[in-house]
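Got the viewer open? Set the display to cartoon, colour by chain, and keep the selection box handy. We'll go stop by stop.

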Amino acid sequence: MGDRKAARDTEFQSFVIGRWPRLMRTAFLLTGEQHAAEDLVQSTLEQVYVAWRRVGSADDPEAYVRRVMINAHARKHRRRLREFLAPKDDTGLVREVADTEDRIARAEDRSSLLAALAQLPPRQREAVVLRYWEDLTETQTAEAMGCSVGAVKSNAAKGIAKLRAIPGLAEMVTQGGRA
Amino acid sequence: MSADRETNHGMTSHDMSNGDIAFLLADAADEVEIGIAPYDAVLRGGRRRRARRWAVATATALALVGSAGTLAVAGLPGGNGSRGAQVATRVPAPPVQNVYPPERTTLATGTVDGEDWWVTIDVWSAPRDAGQAQAQWEAMAAYGSRPVDKASDLIGKSAYFVNRTYGDGETGGVSLGVFDENTPDSGKDLQSVAIPLDPKADGGPQRLVIGQIAPTAQQVTCTWKNGTTTELHKVPENETLATDIPAIRPAAQSPVNWFVCVAPEGTEYKSAGVTK
């Protein structure tokens, strides 16, 4: 019994350490902020720990983790996100052509994208992040978001359309980023 | 979230036309400082959560024992409040106090393929203070999930849990939340979820649509993928309508109205909107 528990703990530890980087990146795109991302991932993994006996032996523990994270995000960052990430100056999302220095420009691009994501309603943001960062299928995204495939399609399409409508971002997109 | 996707950045599969967005997302995601996984903190937090869950289960069991005892006495000839109170004093006072039970309303019922299904909603009234919120928070553990992150977030907000039952299967949660600034309150505001009728039919057609709308909405139209539609109308005030007839209905203690519609066999949800 003790051996089994120790084995489960070891398994969970490997899971946490192995998935932490990826979960942090996803959480960062969802929350737009370093500490909020850490909080989201930690809180998600705490919940996963409670259910680990069941989750760890499941075929797809990733799906459970995503579901927990999206639920937590949906609850926590519903309204505050927009306020938090809204541009602090009056330039909004429409900005001048980026600086010539590539590094500065890249940083601005990231900032613009995060700000643009922040303008999306949470469900659209979740759909865009899960589909185009997590690379999930529509069905997997629907499972993670607890909604229909139709809702995923709609949210993702609206989210992408809004991102493309932002002048600064459209410019980045045509350049394929500033690699 | 497989490790090999770390280098793919989402540009491989579903939608190459949005590969540029995937690229930008990957670039933005690299902005975050990964740091070292705080395994010990996760473990401590996880254990705290597990301990809390056990504590809640124990408290709920005690509350149920106390409640059943009181009811049994009240049902006996000559039973009175004082005897009920005696029962209560024999059971350690549970921390669950001042919790008003939720109001349950059946939103819809039906039969598909010989299986009965029904959808209900529980609405919890808004706790006024931290003590009530904590008690409600603990009582909500029975659902297995809560609509907010901490008890204090419940103060001043009523909460809802929508449940669906199909055939002999277990009742499962479909939607939960608190009524707040995101709640539909006017015009064509609508929040809905579409799911398979049979919870076991994972990935099956999304035939069951459940939504909340502003009390002013008079008509909702559910559009199905085969192009057909189902129109639902608001049940007139002071009238009741059998729950197997699709309609827009109020639910006890809910500030919004609700609707449930089911797609005809062979098709599934496409959209839903307030049309009047």
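Select chain A to begin: of its 179 residues, 50% are buried. Keep in mind throughout that this is a predicted model. The secondary structure you see here is 10 helices and 0 strands, so reading from the N terminus you get α-α-α-α-α-α-α-α-α-α. Take the contacts in chain A between residues at least 6 apart in sequence: 65% of them join residues at least 24 apart.

**Stop one: α8 of chain A**

Select residues 138–145 of chain A, which is helix α8. Is this helix enclosed or open? It is largely enclosed by the rest of the structure, because 6 of its 8 residues are buried. Show side chains for the buried set: Gln140(A), Thr141(A), Ala142(A), Glu143(A), Ala144(A) and Met145(A). Now step just past the end of α8(A) and click on Gly146(A), which has a positive phi of about 65°.

**Stop two: α9 of chain A, from two sides**

Keep α8(A) on screen and add α9(A), residues 149–165. The axes of these two helices are 8 Å apart, and the packing angle is about 100°. That makes α8(A) and α9(A) roughly perpendicular. To see who touches whom, pick Glu138(A), Thr139(A), Thr141(A), Ala142(A) and Met145(A) on the α8(A) side, then Val149(A), Val152(A) and Lys153(A) on the α9(A) side. Colour this contact by class and you get 4 nonpolar, 2 polar and 2 charged residues.

Next, hide α8(A) and bring in α7(A), residues 122–132. How do α7(A) and α9(A) pack? Their axes are 8 Å apart and the angle is about 90°, so α7(A) and α9(A) are roughly perpendicular to each other. From α7(A), the residues to show are Arg123(A), Gln124(A), Arg125(A), Ala127(A), Val128(A) and Arg131(A). They meet Val152(A), Asn155(A), Ala156(A), Lys158(A), Gly159(A) and Ile160(A) of α9(A). By class, this contact holds 5 nonpolar, 3 polar and 4 charged residues. Leave Val152(A) highlighted for a second: Val152(A) is part of the contact with α7(A) and also part of the contact with α8(A).

**Stop three: Arg53 of chain A**

Jump to Arg53(A), which sits in helix α3, residues 52–56. Buried or exposed? Arg53(A) counts as exposed, because there are 12 C-beta neighbours inside 10 Å. Draw a C-alpha to C-alpha distance from Arg53(A) to Asp9(A) and you should read 9.5 Å, across a separation of 44 residues in sequence.

**Stop four: where the chains meet**

Turn chain B on. The contact draws 47 residues from chain A and 46 residues from chain B. Which elements of chain A give two or more residues to it? Select α1 (2–31), α2 (34–50), α4 (61–76), α6 (102–119), α7 (122–132), α9 (149–165) and α10 (167–174). Among them, α1(A) gives the most, with 11 residues. Colour the chain A side by class for 23 nonpolar, 10 polar and 14 charged residues. Before you go on, here are the model's scores: ipTM 0.76 and pTM 0.47.

**Stop five: chain B and its confidence**

Hide chain A. Chain B has 4 helices and 11 strands, and 33% of its 276 residues count as buried. For contacts in chain B with a separation of 6 or more, residues 24 or more positions apart account for 57%.

Switch the colouring to pLDDT. The average for chain B is 75, and 75% of the residues score at least 70. Select residues 1–16 of chain B: pLDDT stays under 50 there, and the model has 24 contacts beyond four places in sequence for this stretch. Residues 54–97 of chain B also stay under 50, with 33 such contacts.

**Last stop: a sheet in chain B**

Finish on an open sheet of 4 strands, ordered β5-β6-β10-β9, with antiparallel pairing. Which strands are at the edges? They are β5 (190–195) and β9 (248–250) of chain B, each pairing on one side only. Look along the sheet: neighbouring strands are turned by 25° against each other on average, direction ignored.

Zoom in on β5(B) and β6(B), residues 208–213, an antiparallel pair joined by 6 bridges. Click on Ser192(B) and look across: Gly211(B) in β6(B) stands opposite.

Methods:
Residues numbered from 1 in each chain as written. Chains lettered and ligands numbered in written order. Predicted model: local features only at pLDDT ≥ 70, side-chain atom pairs only at ≥ 80, totals over all residues. Contact = placed C-beta atoms within 7 Å. Nonpolar A, V, L, I, M, F, W, Y, C, P; charged D, E, K, R; others polar. pLDDT = per-residue confidence, 0-100. Buried ≥ 20, exposed ≤ 12 C-beta atoms within 10 Å, placed from the backbone. Axes fitted to C-alpha atoms, helices over the stretch in contact; angles between N-to-C directions. Parallel < 35°, antiparallel > 145°, perpendicular 65-115°, else oblique. Pairing = 2+ DSSP bridges.
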